[in-house]
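Welcome! Take a moment to look over the sequence and the 3D structure before reading on.

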Amino acid sequence: RSYLAWLCAERGEFAEAIACGKEGVDIAEAGHHAYTQSYTSWGLGMPYVVRGDLVEAARVLEKADSLCREWNLPLISALVSGALGIVRARSGRGAEGVALLREAVASHERTFGHGVWHSQNLIWLGEALMLSSQFDEAQTFGEQALAHAREGRHRVSEPWALHLLGEV
């Protein structure tokens, strides 16, 4: 349900995305399993990130981040830190957003290698740097994100990497 919520949001189907995300959270909370609760909270947060509802995205992702830290969940932490980092940067908290995204990129590389979320975190890091007027570094991360997206055939990330490069 977490990935379905994110993908529905990418298609602009926000009502369906949020309903799916909430359903996942309800199931996870009934099971009282911290990893699943943090993962589904991340999934519910993604439609709010994509839609630009930064207040609601922060509320949901902060819950996921708290669970990750309390229960030491490094696998999901890289996803949560990245999403929370872009929310912080878009909310005018650039330095905090950049720090969270640097942490997410490094954690993702250690934990997963170079999957689709590595590309997404690179895009968000580039955006956060751009919002902080660090254009040269933003360009570098945009180029890295585009290369990773193309090499890994991460079609959902490629247009966002191109968009970032256009904005920079």
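This report walks through the core, the cysteines and a surface patch of a predicted model.

## The nonpolar core

Let's begin on the inside. The largest nonpolar core has 45 residues. Within this core, the residues with the most contacts are Trp-42, Leu-61 and Trp-124. Many helices join in: α2 (14-31), α3, α4 (54-71), α5 (74-90), α6 (94-111), α7 (116-131), α8 (135-151) and α9 (158-167) each give at least two residues to this core.

Try finding Trp-124 in the structure. Leaving aside residues up to four places away in sequence, Trp-124 touches Met-46, Val-49, Gly-82, Ala-83, Ile-86, Arg-90, Leu-101 and Trp-117.

## The cysteines

A disulfide is a covalent bond between the sulfur atoms of two cysteines. How many disulfides does the structure hold? The count is zero.

Why is Cys-8 not bonded to Cys-20? The sulfur of Cys-20 is the closest cysteine sulfur to that of Cys-8, but at 6.2 Å it is too far for a bond, because a disulfide needs the two sulfur atoms within 2.5 Å. Cys-68 is in no disulfide either, as its nearest cysteine sulfur, again that of Cys-20, is 19 Å away.

Are Cys-8 and Cys-68 buried or exposed? Cys-8 counts as buried, with 4% relative accessibility, and Cys-68 is buried with a relative accessible area of 4%.

## A patch on the surface

Now move to the outside. Tyr-35, Leu-75 and Phe-112 make a nonpolar surface patch of about 260 Å². Tyr-35 lies in helix α3 (residues 34-51), and its 31% relative accessibility makes Tyr-35 partly exposed.

Definitions and conventions: Residues are numbered from 1 along each chain as its sequence is written. This is a predicted model: local features need pLDDT of at least 70, side-chain atom pairs count only at pLDDT 80 or more; totals for chains, interfaces and linings use all residues. Side-chain values use heavy atoms; hydrogens and water are left out. Patches are made of residues with over 30% relative accessible area and no salt bridge: like charges are joined within 9 Å, nonpolar side chains (Val, Leu, Ile, Met, Phe, Trp, Tyr) within 5 Å. Accessible areas come from the Shrake-Rupley method with a 1.4 Å probe; for residues, only the protein chains shown count as cover. A salt bridge is a side-chain nitrogen of Lys or Arg within 4 Å of a carboxyl oxygen of Asp or Glu. Helices (H or I, at least four residues) and strands (E, at least two) are DSSP runs, numbered from the N terminus. Buried means under 20% relative accessible area, exposed over 50%, partly exposed in between (1.4 Å probe, protein chains only). A nonpolar core is a set of buried Ala, Val, Leu, Ile, Met, Phe, Trp, Tyr and Cys residues joined through side-chain atoms within 4.5 Å. Contact means heavy atoms within 4.5 Å.
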